[in-house]
Amino acid sequence: MQVDEATRKRYEDEAPELLDFIEAAQESPWIMRKNSAGFCVKLEDGLCGIHKKYGDRFLGDACHFYPRVTRALGSQIMMTASMSCPEIARIALLEDALFQMNDAQVDRLPSVLKNYLPDGMSENDAFMIHQAFLSAAADGASSAEHLFLRIASASRSLERIDMKSWPAMTPYYLQHADERIPTPEKNINDPFNLLHALCGLIVASHKPPSARLRAVIDAMEMALSVRLDWDKVQIHADEKSLHSYHQLREEWNNKNASLVAPMLQRWLQMQMSLALFPFNGLGKTLSERITMIGVRLAIIRLAILCNCSMHKEESLQTVVVRVVQSVSRFLDHLGSSEFSMEIFTETGWVRESRMCGLLENEKNNKKINS
């Protein structure tokens, strides 16, 4: 966990004994030291020892605000939350009347608060654009997959024009986005490529997956009749794998697809909120941010499909929340999009037509490359 400089100074001035529990790091000025199991040294019986003894005033920003995420649009401060937290995942996926902006008073803000207001754009215009994308993700008449493709189409159109024109053109592009969505370009290997990509990202992070995430991936392997080789970062699939996937999809479409659809839509709304979309997100460009969200949607959907099939004794909602939280805990904390984009470029998912194919149901494919 990161420790900001203001918190380190507070330790130095008011509780110097806490300096023994932090150390310098490359990704942050300071981090909490870890024990032999890889957890924070002040994690005591599942609780924070610093919070317990000293109070939340002595928590660094990362610990104090989690799972809240705070960003600025000019003078407007906006706070949302991350679904890497199990309770936030449950609330976001299952409760109604979410994603409405509400005024609130807080007694603390992060010591470093990045401002995402583009140069030359007013706060009101930026806020309106963000709200337009939030609303676009909330259209109950369409699936999460189609809503994403609509958002992706509008985003790619915005990327081609001067940002000064965004306030006027955002509503237009969203309204006419369906006209620009290309014909899907499918690949029968995509379900297996998704699992392989997730495996590659985990290996590249040099951090072992949590027990919960590993259980989710194990269920995906079993449901798809594939085997991951973590040492060589390979996936082994054959004709049986394709047959297993088609059986899963048929069962899914008949039983669970309509029940999970509202949860996937809320997941998409959370991505718009979490990223302060389109002004932020993982990716250097708007096209990259869209690609990252689209692939994550495909991974989440596939993981839910597989885990619901393998855990039929549990309630659908329980499985979905567990899958989303565990996958989000990893993907939401990726520090860079570079390696992800290398993988997604190789699979072709950076192309809009391939993204359309990735998010469509595969029903008529008959063979797989082994």
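These are my notes on two helices, the cavities and one pocket.

**Model.** I am working from a predicted model.

**Helix α10.** I started with α10, which runs over residues 239–255 and has 17 residues. From first C-alpha to last I get 24 Å, close to the 24 Å expected at 1.5 Å a residue.

I then looked at the start of α10. There, a side-chain oxygen of D238 comes to within 2.9 Å of the backbone nitrogen of K240.

Which residues of α10 are buried? I list S241, L242, S244, Y245, L248, R249 and W252. They cover an arc of only 160 degrees around the axis, so they sit on the same side of α10. I turned to the other side of α10 and found K240, E250, N254 and K255 exposed. So K240 appears twice in my notes: its backbone nitrogen pairs with the D238 side chain, and K240 is exposed.

What do the buried residues of α10 pack against? I noted four helices: α8 (190–205), α9 (211–224), α11 (257–274) and α12 (286–310).

**Cavities.** I counted three cavities of 30 Å³ or more. The largest has a volume of about 80 Å³. Its lining takes in 11 residues, and those closest to the centre are L194, Y245, R301, L302 and L358. Y245 was already on my list of buried α10 residues.

Which helix gives the most to this lining? I find α12, with four residues. α8, α10 and α12 each supply at least two residues. Both α8 and α12 are also packing partners of the buried residues of α10.

**Helix α4.** Next I checked α4, residues 86–94. Its buried residues are I88, A89, A92 and L93. Their arc around the axis is only 115 degrees, which puts them on the same side of α4. I traced their packing to β7 (76–81), α11 and α13 (316–331). I had met α11 before, as a partner of the buried residues of α10.

**Second largest pocket.** I put its volume at about 830 Å³. How many residues line it? I have 27, of which M79, T80, Q100, M101 and N102 lie nearest the centre.

I sorted the lining by element. β6 (68–73), β7, α4, α5 (123–136) and α11 each supply at least two residues. β7 gives the most, with six residues. I note that β7 and α11 also pack against the buried residues of α4.

Technical notes:
Residues are numbered from 1 along each chain as its sequence is written. This is a predicted model: local features need pLDDT of at least 70, side-chain atom pairs count only at pLDDT 80 or more; totals for chains, interfaces and linings use all residues. Side-chain values use heavy atoms; hydrogens and water are left out. The expected span of a helix is 1.5 Å times one less than its number of residues. Buried means under 20% relative accessible area, exposed over 50%, partly exposed in between (1.4 Å probe, protein chains only). The arc is that of the directions from the helix axis to the C-beta atoms. Contact means heavy atoms within 4.5 Å. A polar contact is a pair of N or O atoms within 3.5 Å; within protein, one must be able to donate a hydrogen and the other to accept it, and residues adjacent in sequence count only if both atoms are side-chain atoms. On a 1 Å grid over the protein atoms alone, a cavity is a set of points where a 1.4 Å probe fits but cannot get out, and a pocket is an open set with protein on both sides within 12 Å along at least five of seven lines; lining residues have an atom within 4 Å of a point. Grid points are joined across faces, edges and corners, and a volume is the space filled by probe spheres set on the points.
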